[in-house]
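Open the model in your viewer and keep the sequence panel beside it. The stops below say what to select and what you will find there.

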Amino acid sequence: MADRNRTHDRPSPRARHRAALLAVACALVAAGCGSGDENGPAGHGPRPVERAPVQAAKPGLPGMPPLLDAHDLYAADRPGRLAPQVKDFPSRIYVPNTGSDTVSVIDPKTYKVIETIPVGVQPQHVVPSWDLKTLWVNNNRGHDLTPIDPATGKAGEPVKVHDPYNLYFTPNGKYAVVMASMDRQLVFRDPHTMEVRKTLPVNCGGVNHADFSPDGRYFIVSCEFSGELLKVDTAKMTVIGQQKLPFEGAMPQDVKISPDGRTWYVADMMADGIWVLNGDTFNRPRLMPTGKGAHGLYVSRDSKHMYISNRGEGSISLLDFRTGKLVDRWHIRGGGSPDMGGLSTDGKVLWLSGRYNSEVYALDTRTGKTLAKIPVGQGPHGLAVYPQPGRYSLGHTGIFR
């Protein structure tokens, strides 16, 4: 420490003023307050950034478990990190067959169907509950949900729910959110009994997929039939933003947020790519071409890549989150129609339903090699790999935090 009596070494007022300004500037840089466009040219992905997500400084949705890592939303999804309540569940692939009104159950070790469970009319997705204890089969046209106990693989009594195309859960576990596609509604329900708590009519067609912001305070929903996106306030259960995608005939599908919480991706089966946008500002998105019929979005266990299923051409594209660019494309052996699915517990196998081929695909995530094509029922759709790592489920075929 400097000697207080050595006044001849003390800086002048002007020097002290300059030093103060420099300190402020350095603080702003450290906080990530630099200006400039963080996005690259259209179709080339965002430029890499090293700043902490802005959302991490905001208070989260009341009751929501805090993030394990403010820089990685998927930090709880590392290989083998199973929650205590699911660690003893048998590893299975649950496949809803929309045309057969059944769920095919696959043993991932043998690549064989070991059971076929009758369910309601037109099952669309198999959805893990927020507390991870139940799998809900969304019987869209049967207007009910079939619960499956993942510990035993046995189905329970159906629960009446109108138009359950897809199902999500708020990050605090307070509500189940039913995507009532044909009813044009988001229906907030009790996550256990499925009793209605609030019905939110929406002015768009075909609400189907969603994901939540890092702080859980809002979620973005795709509207398949009208080519729109919604931004919904989670706590208030109200629409706070709506926009039409800038592509004639757009049909948005799966929605996924990047590990750092800064970028949102929306697959579009008619635009043949993914839309990239900032969820906070809900600005006009830009399109990144990936392949014909882009459909499902899945984050790797190390949070470095996203797998994009291109249903119309039988391929899977790989996005590098760090660079925001596509780095590879795998083609299913003999072709196929990869739709929805999930990753194995260890992250080494990507499982996808073959919507128009009555089959399920298993792909090696290290090489892209097709490991198996497994015959199932008609119209396999939103299959769930279960159990998977994570502390709680946000719904769909398995979005875990």
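**Stop 1: S315**

Select S315 and show what surrounds it: apart from neighbours within four places in sequence, S315 is in contact with I308, S309, N310, R329, W330, H331 and P338. Bear in mind that this is a predicted model. S315 sits in strand β23, which covers residues 315-320. Is S315 buried or exposed? S315 counts as buried because its relative accessibility is 0%, and the cut-off for buried is under 20%. Now add E313 to the selection: its side chain and that of S315 are joined by a polar contact of 2.5 Å.

**Stop 2: I308 and the largest core**

Move from S315 to I308, one of the residues it touches. Which residues does I308 touch beyond those up to four places away in sequence? They are I274, T290, A294, G296, L297, S315, I316, S317, L319 and L326.

I308 also belongs to the largest nonpolar core, a set of 27 residues. Select W264, Y265, I274, L297, M306, I308 and L319 together; these have the most contacts inside that core. To see where the core draws its residues from, colour β14 (218-223), β17 (252-257), β18 (264-268), β19 (273-277), β21 (294-299) and β22 (305-310), the elements that each give two or more residues to it. A second core, separate from this one, has 23 residues, among them Y168, Y175, L186 and L394.

**Stop 3: β10, β11 and β12**

Select residues 185-189, which make up strand β11. Four of the five residues in β11 are buried, so the strand is mostly covered. Strand β11 has partners in β10 and in β12.

- Add β10 (residues 176-180): β10 and β11 are antiparallel and share five bridges. V177 has F188 of β11 as its bridge partner.
- Look at the turn between β10 and β11: the two strands form a hairpin with four residues between them, and R184 in the turn has a positive phi of about 55°.
- Add β12 (residues 196-201): β11 and β12 also run antiparallel, joined by five bridges. R189 has V196 of β12 as its bridge partner.
- Look at the turn between β11 and β12: this hairpin has six residues between the strands, and M194 takes a positive phi near 70°.

**Stop 4: the sheet from β25 to β28**

Next, show β25 through β28. In what order do the four strands lie? The order is β25-β26-β27-β28, in an open sheet with antiparallel pairing. The edges are β25 (338-343) and β28 (370-375), each of which pairs on one side only. From one strand to the next, the twist averages 20°.

Zoom in on β27 (residues 359-364), which runs antiparallel to β28 and is joined to it by five bridges. To find one of these pairs, select V360, whose bridge partner in β28 is I374. Strands in a sheet pair through backbone hydrogen bonds, so display the backbone here.

**Stop 5: the whole chain**

Clear the selection and show the full chain. How many helices and strands are there? The chain has one helix and 29 strands. Of its 401 residues, 57% are buried. Switch on the surface: the accessible area of the chain is about 16,900 Å², with 53% of it belonging to carbon and sulfur atoms. Among contacts between residues at least 6 apart in sequence, 48% join residues at least 24 apart.

Technical notes
Residues numbered from 1 in each chain as written. Predicted model: local features only at pLDDT ≥ 70, side-chain atom pairs only at ≥ 80, totals over all residues. Heavy atoms only, no water. Pairing = 2+ DSSP bridges. Axes fitted to C-alpha atoms, helices over the stretch in contact; angles between N-to-C directions. Buried < 20%, exposed > 50% of the residue type's maximum accessible area, 1.4 Å probe, protein only. Polar contact = N/O pair within 3.5 Å; in protein donor to acceptor, adjacent residues only side chain to side chain. Contact = heavy atoms within 4.5 Å. Core = buried A, V, L, I, M, F, W, Y, C linked by side-chain atoms within 4.5 Å. Areas by Shrake-Rupley, 256 points an atom, 1.4 Å probe, with all protein chains shown as cover.
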